[in-house]
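Work through the exercises below with the model open. Try each task before reading its solution.

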Amino acid sequence: MPRTPLMAGNWKMNLNHVEAVGFVQKLAWTLDDKKHDAAKSEVVVLVPFTDLRSVQTLIDGDRLKLAYGAQDLSAHDAGAYTGEISASMLAKLGCRYVAVGHSERREYHHEDDALVNTKAHLALAAGITPIVCVGEGKDVRESGEHVAHVVAQVRAGLAGFSAEQVAGLVIAYEPVWAIGTGLTATPEDAQEVCAAVRATVAELYAEDTADAVRVLYGGSVKSDNVAAIMAQPDVDGALVGGASLKVEEFSGIARFYDLPTL
Ligand SMILES: O=C[C@H](O)COP(=O)(O)O
């Protein structure tokens, strides 16, 4: 079964709930106007927690062809964890996806692989697909150890999952040095690591599990570089930060798989 590409916009800490409504309306209208084929790729917005209810009401109420999700979740089920948001709370809000282990969480909140794995399990148990983020920093890239670094993150991130569960997961490769910097990995860089991610899944599970899991690339993806990166055989979509905050730009990225050349 072919993998359905996924184009996810990670808004990070941008757009309040009022702005979110206007943005999602414009995005849906633009995709519709340009005849985006939702069967060819899924388009997802990962929004701040405070936007979820408004985005849910809009997307579900108007049956927009967009999915939505969150950018993080708690590593706990429920209880005395001030400020935390649980997987079941996100599921109740209709989230289909949640990012776990984004490099900004790893860096600013000291999240390690074990915590990322716990969060991924909690998300899946609640019926939400985790987008497990992995990627190397500049120093690791310069040392030439980037593939080994990412493979280790993937192994740790997938610990305890069955083959069937892994087949439904999303793994996002985001080289930290390319995030928000304008420095995009070359298509060959992206392919090298995304192929290594898939090979790791094959080694840990089986070829058919590796064929099913979706592997995204993220890091300064724009409408003018998306084509070359998405053309790589092991890249199944994009996790987009800055460019996901501009409707025209993100819809240009999101519509990549509509193009007849594929
Ligand atoms: O989650 C998205 C990534 O951090 C990429 O961000 P960027 O597209 O602004 O480089």
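The exercises cover annotated sites, the ligand shell, strands and the core.

This is a predicted model: local features need pLDDT of at least 70, side-chain atom pairs count only at pLDDT 80 or more, and totals for chains, interfaces and linings use all residues. Residues are numbered from 1 along each chain as its sequence is written.

**Exercise 1. The active site**

Task: Find which residues UniProt lists for "active site", and place them in the fold.

Solution.
- Start with the record. The unreviewed UniProt entry lists H102 and E174. UniProt positions are given in the numbering used here, feature names are shortened, and annotations may be inferred rather than shown by experiment.
- Check the spacing. The two are spread over 73 residues of sequence, yet they cluster in space, with a largest C-alpha distance of 8.5 Å.
- Place H102. The loop between β4 (97–100) and α4 (103–108) holds H102. Helices (H or I, at least four residues) and strands (E, at least two) are DSSP runs, numbered from the N terminus.
- Place E174. The loop between β6 (170–173) and α9 (187–204) holds E174.
- Test burial. A residue is buried if 20 or more other C-beta atoms lie within 10 Å of its own, exposed if 12 or fewer, and partly exposed in between; C-beta atoms are placed from the backbone. H102 counts as buried because it has 28 C-beta neighbours inside 10 Å. E174 has 29 such neighbours inside 10 Å, so E174 is buried.
- List contacts (C-beta atoms, placed from the backbone, within 7 Å). Leaving aside neighbours within four places in sequence, H102 is in contact with Q71 and C133. With the same exclusion, the contacts of E174 include C133, I179, G218 and L239.

**Exercise 2. The binding site and ligand**

Task: Find what the "binding site" annotation covers, and which residues are closest to the ligand.

Solution.
- Read the annotation. The unreviewed UniProt entry covers N10, W11, K12, G180, S220, G241 and G242. They span 233 residues of sequence but cluster in space: the largest C-alpha distance is 13.9 Å.
- Take S220. S220 sits in the loop between β7 (214–218) and α11 (226–230). S220 is buried because 20 other C-beta atoms lie within 10 Å.
- Take G241. G241 lies in the loop between β8 (237–240) and α12 (247–254). Not counting neighbours within four places in sequence, G241 touches N10, K12, I179 and G180.
- Turn to the ligand. It is surrounded by 14 residues (C-beta atom, placed from the backbone, within 6 Å). The closest are N10, I179, G180, G241 and G242.
- Sort the shell. Five residues are nonpolar, eight polar and one charged. Ala, Val, Leu, Ile, Met, Phe, Trp, Tyr, Cys and Pro count as nonpolar, Asp, Glu, Lys and Arg as charged, and the others, Gly among them, as polar.

**Exercise 3. Strand β7**

Task: Is β7 mostly covered or uncovered, and which strands pair with it?

Solution.
- Count. Five of the five residues of β7 are buried, so the strand is mostly covered.
- Sort the directions. R214, L216 and G218 point one way, V215 and Y217 the other. In a regular strand the side chains alternate between the two faces of the sheet.
- Find partners (pairing needs at least two DSSP bridges). β6 and β7 pair in the parallel sense over four bridges, and Y173 stands opposite Y217. β7 and β8 are also parallel, over two bridges, with G218 opposite L239.

Note on methods:
Two residues are in contact if their C-beta atoms, placed from the backbone, lie within 7 Å.
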